[in-house]
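User: I should like to go through this model in a series of questions. Please begin with the term needed for discussing strand pairing.

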Amino acid sequence: MSIAETLGIELGQVVADQTLTLTRDSLVRYAGASGDFNPIHYRDDVAARVGLPGVLAHGMLTMGVAIGAVTDWLDARGWVSDYQVRFTRPVVVDPVDGAEVQLVATVGALDDDEARIDLTVSYGGQTVLGKAQARIRTL
């Protein structure tokens, strides 16, 4: 049985369409888990001093929450065999409102054993993860 038949998907199908909120709390938790305590991820004064528009989300955090939507959809039916992105723009996380990141995941290619999921990830109407693609396989 092909992956399309197993998962009930077809080319161009949207498998996830979500708005994800990153907060300063998210950044602190990610810093603790990753060990990335660069102050541009939690101190407004440091971010401003180096010319940034504000405290930035870790790129890998943004990448991680984006693929989380795909793995949630996939559930226990399969796994991500490859995932790559290009970081194109920063996500500025407001201290009160956080940052809303929009995600749309679409089936971009299919063959018998594998599907490519193309992710469009944007913040403030601009793409933040370019050429974001995941390859998935079934168990």
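Analyst: Two strands are taken to pair if DSSP finds at least two bridges between them. The model discussed here is predicted. On that criterion S1 and S3 are paired, for they run antiparallel and the bridges joining them number eight.

User: How many bridges join S3 to S4, and how many residues lie between these strands?

Analyst: S3 and S4 run antiparallel. One of the bridge pairs links Thr106 with Asp118 in S4. The bridges between S3 and S4 number nine, and the hairpin that the two strands form has a connection of three residues.

User: Which residue in S3 stands opposite Leu20?

Analyst: S3 is joined to S1 by eight bridges in an antiparallel arrangement. In S3, the residue facing Leu20 is Val101.

User: In what pattern do helices and strands follow one another along the protein chain?

Analyst: The protein chain contains four helices and five strands. Among its contacts between residues at least 6 apart in sequence, 66% join residues at least 24 apart. Read along the sequence, the order of elements is α-β-α-α-α-β-β-β-β.

User: Why does the length of helix H4 agree with its number of residues?

Analyst: H4 covers residues 59–74, which is 16 residues. The expected span is 1.5 Å times one less than the number of residues, so H4 should extend over 22 Å. The computed separation of its end C-alpha atoms agrees with this, at 23 Å.

User: Which element gives the largest share of the largest nonpolar core?

Analyst: This core has 37 residues, and Tyr83, Leu119 and Ile136 touch the most other members. The elements that give two or more residues to it are H1, S1, H4, S2, S3, S4 and S5. Buried residues of H4 include Leu61, Met63, Ile67, Val70 and Trp73. With eight residues, the largest share of the core comes from H4.

User: Which residues of H4 are in contact with Ile136, leaving aside neighbours within four places in sequence?

Analyst: Ile136 is one of the three residues that touch the most other members of the core. Its contacts beyond four places in sequence include Ile3, Leu7, Trp79, Val80 and Ile117. H4 runs over residues 59–74, and the contacts of Ile136 in that range are Val70, Trp73 and Leu74.

User: Is Arg116 buried or exposed?

Analyst: Arg116 is found in strand S4. Leaving aside neighbours within four places in sequence, Arg116 is in contact with Thr106, Val107, Gly108, Ala109, Gln133, Ala134 and Arg135. Its relative accessibility is 18%. Since the cut-off for burial is under 20%, Arg116 counts as buried.

User: What is the relative accessible area of Phe37, and how is this residue classed?

Analyst: Phe37 is found in the loop between helix H2 and helix H3. Not counting residues up to four places away in sequence, Phe37 touches Ala31, Gly32 and Tyr42. Exposure requires over 50%; Phe37 is therefore partly exposed, its relative accessible area being 49%.

User: Which residues does the UniProt domain annotation cover?

Analyst: The annotation "domain: MaoC-like" comes from an unreviewed UniProt entry. Over the annotated stretch the chain is 37% helix and 27% strand, and the end C-alpha atoms are 11 Å apart. The residues covered are 14–103.

User: What share of the exposed area do carbon and sulfur atoms supply?

Analyst: Buried residues make up 41% of the 139 residues in the protein chain. The chain exposes about 7500 Å², and the share supplied by carbon and sulfur atoms is 48%.

Notes: Residues are numbered from 1 along each chain as its sequence is written. This is a predicted model: local features need pLDDT of at least 70, side-chain atom pairs count only at pLDDT 80 or more; totals for chains, interfaces and linings use all residues. Side-chain values use heavy atoms; hydrogens and water are left out. Buried means under 20% relative accessible area, exposed over 50%, partly exposed in between (1.4 Å probe, protein chains only). Contact means heavy atoms within 4.5 Å. A nonpolar core is a set of buried Ala, Val, Leu, Ile, Met, Phe, Trp, Tyr and Cys residues joined through side-chain atoms within 4.5 Å. Accessible areas come from the Shrake-Rupley method with a 1.4 Å probe; for residues, only the protein chains shown count as cover. UniProt positions are given in the numbering used here, feature names are shortened, and annotations may be inferred rather than shown by experiment.
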